[in-house]
Amino acid sequence: MIPEGRVTTYGAIADFLSLGSARMVGWALNKCGNTDLPIPAHRVLNRLGELSGRAAFKPPSAMQTLLEKEGIIVENNRVKHFKDVFWHPENLLKDA
DNA sequence: CCTATGACGCCGG
DNA sequence: GCCGGCGCCATAG
C-alpha cells in the first residue's frame, strides 16, 4: 500500500498496525518474500532510512535499484532525502 | 522446555 | 548526542 516514490519504516508499520514489535514486520516481509504477494518490501526501511533488508532480495542490489526506479535516491545503502519521502501509514486514512 | 536469533526500536545513562 | 541495555513475537535448535 506504500505509494510509489515513498518509503516507510518497520517501526511506523509495527506501530500503526499494533504489531507489538518492529521485528514482526521484518519477519512478515521475509515470509511475504517467499510468496507471490506483490508486497513492495523494498519500500520498507529501518528507522534510519537504511536498506537493512536488501540482503533478502535476490540480487541484494535489487532493493536499491527498485527504489531508484521510483525516483528515490539511495546513497551508501541509505535513502538520501529519507525524511522527505518518508510515508506514514496514517496517510492511508487521509486518502480514504 | 529453554535458549538463541532476526529485514528493529525505544528508553535511560 | 553517543552508547548500552531491554523489549517484542515467532521460529529454529
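Biologist: Of the atoms of DNA strand B within 4 Å of the protein, what share belongs to sugar or phosphate?
Modeller: In this predicted model, sugar or phosphate accounts for 43% of those strand B atoms, and the rest belong to bases.

Biologist: And for DNA strand C?
Modeller: There 76% of the atoms within 4 Å of the protein belong to sugar or phosphate, with the rest in bases.

Biologist: Which residues are around strand C, then?
Modeller: Counting a residue as near when one of its heavy atoms lies within 4 Å, they are L19, G20, S21, R23, M24 and W27.

Biologist: How does that surface split by class?
Modeller: It has three nonpolar, two polar and one charged residues, where Ala, Val, Leu, Ile, Met, Phe, Trp, Tyr, Cys and Pro are nonpolar, Asp, Glu, Lys and Arg charged, and the others, including Gly, polar.

Biologist: Back to strand B: which residues come nearest?
Modeller: Of the 13 residues around strand B, the nearest are R23, G26, L29, R47 and G53, and by class that surface has five nonpolar, six polar and two charged residues.

Biologist: Where do polar backbone atoms sit relative to phosphate oxygens of strand B?
Modeller: One such atom of R47 is 2.9 Å from a phosphate oxygen, while for G11 the distance to a phosphate oxygen is 3.4 Å.

Biologist: What about a base nitrogen?
Modeller: A base nitrogen of strand B lies 3.1 Å from a polar backbone atom of N30.

Biologist: Which elements give two or more residues to that surface?
Modeller: They are α1 (10-16) and α2 (22-32), helices being DSSP runs of H or I with at least four residues, numbered from the N terminus, and α2 supplies the largest share, five residues.

Biologist: What conventions apply?
Modeller: Residues are numbered from 1 along each chain as its sequence is written, and chains are lettered from A and ligands numbered from 1 in the order written. Local features need pLDDT of at least 70, side-chain atom pairs count only at pLDDT 80 or more, and totals for chains, interfaces and linings use all residues, while side-chain values use heavy atoms, leaving out hydrogens and water.

Note on methods: Polar contact = N/O pair within 3.5 Å; in protein donor to acceptor, adjacent residues only side chain to side chain.
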